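Visitor: I should like to be guided through this protein by question and answer. May we begin?

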Amino acid sequence: MRSLIQSPLDPVFVQNPYALYARVMAQDPVQYWQDYKMMAVFDAKSVHALLRDRRLGRAVPLEHQNPVPDHLRDFHAVERHSMLDMEPPNHTRLRGLVLRAFTSRRVKALAPDIDAICDDLLDAFPTEPFDLNLAFCTALPVRVIARLLGVPEEMSDQLLRWSNAMVAMYQASRTHETEIAANTAAAEFSAFLSGYIQERRSDPRDDLITHLIAAEADGEKLSREEMIGTCILLLNAGHEATVHTMGNAVKALLEHQAPLTALAPKAIAGTVEEVLRYDPPLHMFTRYAYEDITVGGHELKAGEQVALMLGAAGRDPARFENPDLFDPFRAPAPHVAFGGGLHFCVGAPLARLELQLGLQRLFAHAPDLRLAETPEYSNSYHFHGLARLMVRQ
């Protein structure tokens with residue numbers, strides 16, 4: 001197996017990881033990434049297959065579990081109840097209960113709320129150049145999540161601080177200080193949600209927390225810890241992905257001078273899917289092998305981790321013609337921006353709705369929107385989003 005050496009902290013790589021992906025796929029799409037000390041799989045066919053392969057999973061094998069350090073106990077108390085890191089039967093039970101509360105009807109019913117939030121944000125746009133990331137791309141998803149959960153919208157900034165601190169744990173630049181901040185955020189967020197869940201038990205409302213309390217299947221309900229883990233997962237994973245995709249979408253549309261017809265009602269869904277393929281918010285998704293398997297002619301041993309390169313799969317020339325071309329009118333083809341298999345993103349319908357409505361409202365309000373400076377991505381591989389997005393109307 002070929003060895004790949006590429007620091008995820010290299011600024012040139014972070015700004016354009018797709019150049020490396022293309023070189024790897026031209027050699028062998030399965031290589032050992034030394035910086036991560038694991039096999040990495042880049043081609044679309046293999047990534048799609050492995051996301052659905054039950055011989056792989058997210059739960060850490062018993063022989064690889066380590067004692068939780070004291071300074072991360074609160075963070076791991078949340079992670080322990082996250083369905084993202086579970087496998088059946090625990091995953092099946094928890095996801096089933098969550099989907100009883102997080103229904104397609106409930107997601108669709110958020111459309112008027114998304115519109116109302118867009119009204120507030122768009123009306124506040126300044127006339128001089130400004131950072132669209134702060135003014136719109138970040139503000140919209142976090143306020144939507146606040147409404148979904150039923151927590152006060154004035155808490156949006158606090159929710160964002162907690163989310164940013166916890167999500168930083170998954171970045172390549174993680175440090176001890178990152179861990180301390182994440183643990184503190186997890187403790188504070190858990191304490192807030194614990195109190196809020198107790199309030200909703202005695203004062204139910206039409207919000208997700210109330211519906212999570214009511215969700216039941218075969219006599220089973222969500223525990224308080226499971227509800228806390230689920231709410232935090234929805235904020236952290238859903239908010240992070242939508243923020244990055246919204247910014248990446250605006251960047252792609254403006255840099256490629258995409259016509260406004262790409263945002264028309266009949267075209268907007270395809271445009272969003274093309275953004276998710278072309279410049280997705282998450283580039284790497286790791287799994288453990290639960291038995292020895294062969295991947296692209298190479299052996300993956302039981303207990304070893306493998307990196308599924310979601311960002312590379314969307315640029316695979318074997319699946320997409322002219323993969324480096326952003327084409328909002330491209331014929332739809334399956335991508336893996338939301339993962340796949342048992343761990344397909346539970347918030348994907350909400351993310352798609354936010355992106356479609358948000359982009360339509362943004363460009364209807366500012367049809368002459370243009371870049372005020374060249375955008376740069378945050379140094380946070382394997383997440384892939386902009387540090388800021390300076391624009392003028």
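Guide: The questions below concern a predicted model.

Visitor: What is the order of the strands in the open sheet of six strands?

Guide: The sheet is open, and its six strands pair in a mixed manner. Strands β1 (3-4) and β4 stand at its edges. Each of these two has a single partner strand, so one side of each is left without a neighbour in the sheet. Read across, the order is β1-β2-β3-β11-β8-β4.

Visitor: Which residue in β11 is the bridge partner of F285?

Guide: Strand β8 covers residues 285-289, and strand β11 covers residues 305-308. The two strands run antiparallel and are joined by four bridges. In β11, the bridge partner of F285 is L308.

Visitor: Within what arc do the buried residues of helix α2 fall, seen down its axis?

Guide: Helix α2 spans residues 17-27, and its buried residues are P17, Y18, L20, Y21, V24 and M25. They line one face of the helix, because, seen down the axis of α2, they fall within an arc of 155 degrees.

Visitor: Which elements are included in what covers the buried residues of α2?

Guide: The residues to be covered are P17, Y18, L20, Y21, V24 and M25, which are buried. Their cover includes two strands and also helices. Named along the chain, these elements include β1, α1 (11-15), β2 (30-33), α14 (268-278) and α15 (310-313).

Visitor: Is L72 buried or exposed?

Guide: L72 is placed in the loop between β4 (56-57) and α4 (73-79). Not counting residues up to four places away in sequence, L72 touches M169, R174, E179 and N183. Its relative accessible area is 3%, and a residue under 20% counts as buried, so L72 is buried.

Visitor: Is R106 buried or exposed?

Guide: R106 belongs to helix α6, residues 104-108. Leaving aside neighbours within four places in sequence, R106 is in contact with A101, L148, D206, L208 and H211. The relative accessible area of R106 is 10%, and the cut-off for a buried residue is under 20%, so R106 is buried.

Visitor: With the side chain of which residue does the side chain of R106 make a polar contact at 3.0 Å?

Guide: A polar atom of the R106 side chain lies 3.4 Å from the backbone oxygen of A101. That atom of A101 belongs to the backbone, whereas the question asks for a side chain. At 3.0 Å, the side chain of R106 makes a polar contact with the side chain of D206.

Note on methods:
Residues are numbered from 1 along each chain as its sequence is written. This is a predicted model: local features need pLDDT of at least 70, side-chain atom pairs count only at pLDDT 80 or more; totals for chains, interfaces and linings use all residues. Side-chain values use heavy atoms; hydrogens and water are left out. Buried means under 20% relative accessible area, exposed over 50%, partly exposed in between (1.4 Å probe, protein chains only). Contact means heavy atoms within 4.5 Å. Two strands pair if DSSP finds at least two bridges between them. The arc is that of the directions from the helix axis to the C-beta atoms. A polar contact is a pair of N or O atoms within 3.5 Å; within protein, one must be able to donate a hydrogen and the other to accept it, and residues adjacent in sequence count only if both atoms are side-chain atoms.
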